[in-house]
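Let's take a walk through this model together, going from ring pairs to domains and then to the place where the chains meet.

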Amino acid sequence: MSLLHYIIRRLLLMIVVLFGVTLLVFSIMMIIPPGQRVGIYVQHEKITPSQMEALIIKYGLRDPAPIQYLRWMANVLRGDFGHSVTASAPVSEGFKMYFPVTLELVLLATPLIIIVGIKLGMLGAIHKDRSIDHATRVFAIVGYSLPTFWLGLLLLMIFYGYFGIFPPGTISPDSKDVVFSAEFINFTGLLTLDAILNWRWDIFWDALYHLILPTINLILLNSALLMRLMRSSMLEALGQDFILTALAKGASKRIVYYKHARRNALIPAVTVAGVLFALLMGGMVITETIFARQGIGLWMARAALMLDVPAIMFNVLFLGTVFVTVNLIVDIIYAYIDPRIRLG
Amino acid sequence: MEKLIETEDLYTNFFTFEGVVRALNGVSVVVNQGETYGLVGESGCGKSVTVRSMMRIVQEPGKIVGGKILLFLSSEDRQKGIDIIKRSEAFMESIRGDDISMIFQEASTSLNPVLSIRDQVGESFLLHRRGELLEETLKQLADELKSNGFPLAMAWKGFQRWLFRRELESLRRYEKHVKEIDRELYELEEKTDPRSTRRKSSLNARRDRLSEHDFLVSAVKKSPFLERYYKKIHKIVENKIIELLKSLGVPNPANVLKSYPHELSGGMQQRIVIAIALACNPTLLIADEPTSNLDVTIQAQIIELIKMLKENIITSVLFITHDLGLVAEVCERVTVMYAGDTCETTSVKELFKNPLHPYTKGLLSSVPRIEQVEKLHTIPGTVPNLINPPAGCRFHPRCPSAMKICAERKPPMVEYKEGHTVSCHLYPGEEV
Ligand SMILES: Nc1ncnc2c1ncn2[C@@H]1O[C@H](COP(=O)(O)OP(=O)(O)OP(=O)(O)O)[C@@H](O)[C@H]1O
Ligand code: SF4
Ligand SMILES: [Mg+2]
């Protein structure tokens, strides 16, 4: 019960935080001239200066800021975020188009990153200063130091360029025709999931096939941090007194590692895993560019370059929501792992 | 008196980044059956390392590099004992917590903060008493299956019985193998010819590899929902824990069971640590300064508890402390340690009446007394750095009676008189 209370309280708090984010976003937006802000309300490509002036007056873009804010908020609450030039569609439509592509990759990659990071970190700690530890260290250094674009291009070059497998993109041309045909129903926008729901396993495998290389790329780049953290927190846990108690009662090394030490070591890793998830949601610009995946990161990068204000504002709000939600989830997992933390 | 555990010339080093810490410099102690034995010395003299070596739980980067640890457990091996340094890790796991247990200096850090008291105390039972637990559960199930019930519930019970039986069988099979290996190892104990040595190491390796893994049982234990069949065992374990906690004077054990270490007071935490150690009625309880971090009243309670346990349950106690007052109160025989050396061993009475070693004398005169008039004596100097310990007698830089030979040769342990051994050049004699 107290957990439910806690979650409700946090959700209410989340609304306050997001309200702050809207204020911040809006203030930043007020810096740019009114002509650029017309896009929040209408599609404003190819209009004459006089038409523009009419629009500015119509939407009151020179009104006092608070009034403009209220007007904008009213739209936002109705789900109207304006028109995105880069998506050539309303922002909400653009989001529906780009978001599933990102989400699909994140949902596949994050669990794998977490598993690989934690597993290798544990192995490194258990076999400290032996060859397995050194091997995981090399893995970490590679992941830390290689630039994303370099590793991504290298993977593409080796697998696609050289062996001709794992092409970029989200799906092969043949499957694309099926996906855009009438009989393929878009339930979620996640290609793999929709393929299963449409009972088209060929499409499922095809979509998964296209996910492999970007996933590997993300694992190589992102598990390093988690791994090093897990290794050091595991080593710290193994040096604690309660490990001696466990050994003294006759627990085997295995039990000591996987029951007594791991749970303690996981506590700091949870935060990092959460942050990683949130960052991937919006920050895969380079990965999405290299592997030609039309996702949120790519959209945002383009929106930033073309001053597509509505899209930028929306995405800032969106990422704010993601971060706050992930934080809440991390706190709940914390309380689950560590009884010393009292929620509420 | 019959010996229970003995270390012979034990050397333990810590291979640290700064250099090799020579923590134990040939420690020889004997704990007899039925006695309370004390180990005293200043902080850092190697008391904890000695007892951790005895259980072979010295943590990285520590390593036992020489000597013997002889264990005389069952009546049959009283004559020659088992050198546990040479035994497999699996053998040690079966000894720890079952025959020898340990309680620690700091109760608050000795308990795992993220596991409930039930998990931590129950683990002792599950590690060493699983056979009996399974038998008890099976008996219960047999009764329940006799009565009539809802068919589905009966089928579920039948399934449980099948799994418990299977687990018990595989456990018994494992125990039989282990017994065979241990018996053969015991017969080979004193043989040192190459063939026996080879055989011994192969047996030890086999002992480590052996597991009582039953694929089906462990698969069910890990699968969601189905794993609930084990609840019956946990219920029995719970009752055992409650009983145990009650006997240790824990009020309201059913609630304590569900709590986590941070929710308990220091005294209660130490009782839980004791409960973990006592779960399987050990022959030897090693208490490593169990009270030094508790306030005085709680300290007195815990000491009383240990005394009571010694009288009623445990055969022998090895009690570590730096408090000579406690030694006088609790122990029968005592060894004084200094910087990894054993200085002298004797009965408590003799130690206070007739201390021989200059370090012991120093220690005794630094204890405040009621009738004290003159200034409290202190031993000049500090405990040496054990990376470069003084050669010869490690006490010689601080010893008021030091001689030339003291810096050159380590004094042998000699029997000054019956039941009183000392290691100091002031008392020449035959090494014992
Ligand atoms: N993990 C370690 N790494 C390096 N040296 C260690 C380690 N543990 C113990 N030592 C060394 O072993 C020596 C003996 O330590 P030990 O813990 O046995 O002392 P103690 O007699 O139990 O003291 P205390 O009364 O403080 O518990 C210390 O001087 C220390 O230098
Ligand atoms: S051996 Fe020498 S230095 Fe050591 S205690 Fe005896 S007299 Fe002192
Ligand atoms: Mg100690």
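Two rings of Phe, Tyr or Trp (its six-membered ring) count as a pair here if their centres lie within 6.5 Å, and a pair is called stacked when the planes are under 30 degrees apart. Bear in mind that this is a predicted model. By this rule there are 26 aromatic pairs over all chains. One of them joins Phe95(A) and Phe99(A), a stacked pair with 4.7 Å from centre to centre and 15° between the planes. Why are these two separated by about one helical turn? Both belong to helix 5 (residues 91–126) of chain A, and the turn follows because they are four residues apart in that helix.

Now let's step back to the whole of chain A. The domain assignment splits chain A into domain 1 (3–84) and domain 2 (89–342), and their C-alpha centres lie 32 Å apart. In the contact, domain 1 of chain A takes part with 23 residues and domain 2 of chain A with 22 residues. Together these domains bury about 1900 Å², and carbon and sulfur atoms give 77% of that area. On the domain 1 side, Arg10(A), Phe81(A) and Ser84(A) supply 31% of the buried area, more than any other three residues.

Arg10(A) comes up again in a salt bridge: its side chain meets that of Asp331(A) at 2.5 Å, N to O. Between domain 1 of chain A and domain 2 of chain A, the count is one salt bridge, along with five residue pairs in polar contact. Which elements give two or more residues to the domain 1 side? They are helix 1 (2–30), helix 4 (65–77) and strand 1 (83–84) of chain A, and helix 1 of chain A gives the most, with 12 residues. By class, this side has 15 nonpolar, seven polar and one charged residues.

Chain B is next. Its assignment gives domain 1 (3–114 + 266–336) and domain 2 (131–235), with 30 Å between the centres taken over C-alpha atoms. Here 14 residues of domain 1 of chain B are in contact with 10 residues of domain 2 of chain B. The two bury about 1000 Å² between them, with 42% of it on carbon and sulfur atoms. In domain 1 of chain B, the residues that lose the most area are Lys80(B), Arg87(B) and Ser88(B), together 50% of what that side buries. The rule finds zero salt bridges across this interface, while five residue pairs are in polar contact. Helix 2 of chain B gives the largest share of the domain 1 side, four residues. That side divides into three nonpolar, four polar and seven charged residues.

Finally, look at where the chains meet. The contact takes 29 residues from chain B and 26 residues from chain A. About 2300 Å² is buried between the chains, 59% of it from carbon and sulfur atoms. In chain B, Gln59(B), Val114(B) and Glu123(B) lose the most area to chain A, together 25% of what that side buries. Glu123(B) also forms a salt bridge with Lys249(A), the closest N and O atoms being 2.8 Å apart. In total the rule finds two salt bridges across this interface and 12 residue pairs in polar contact. Helix 4 (117–128) is among the elements of chain B that touch chain A, and the largest share of that side, six residues, comes from helix 4. The chain B side divides into 12 nonpolar, nine polar and eight charged residues.

Methods
Residues numbered from 1 in each chain as written. Chains lettered and ligands numbered in written order. Predicted model: local features only at pLDDT ≥ 70, side-chain atom pairs only at ≥ 80, totals over all residues. Heavy atoms only, no water. Contact = heavy atoms within 4.5 Å. Buried area = accessible area lost by both parts, 1.4 Å probe. Salt bridge = Lys/Arg side-chain N within 4 Å of Asp/Glu carboxyl O. Polar contact = N/O pair within 3.5 Å; in protein donor to acceptor, adjacent residues only side chain to side chain. Nonpolar A, V, L, I, M, F, W, Y, C, P; charged D, E, K, R; others polar. Domains from an automatic or database assignment. Phe/Tyr/Trp six-rings, centres within 6.5 Å; stacked < 30°, edge-to-face > 60°.
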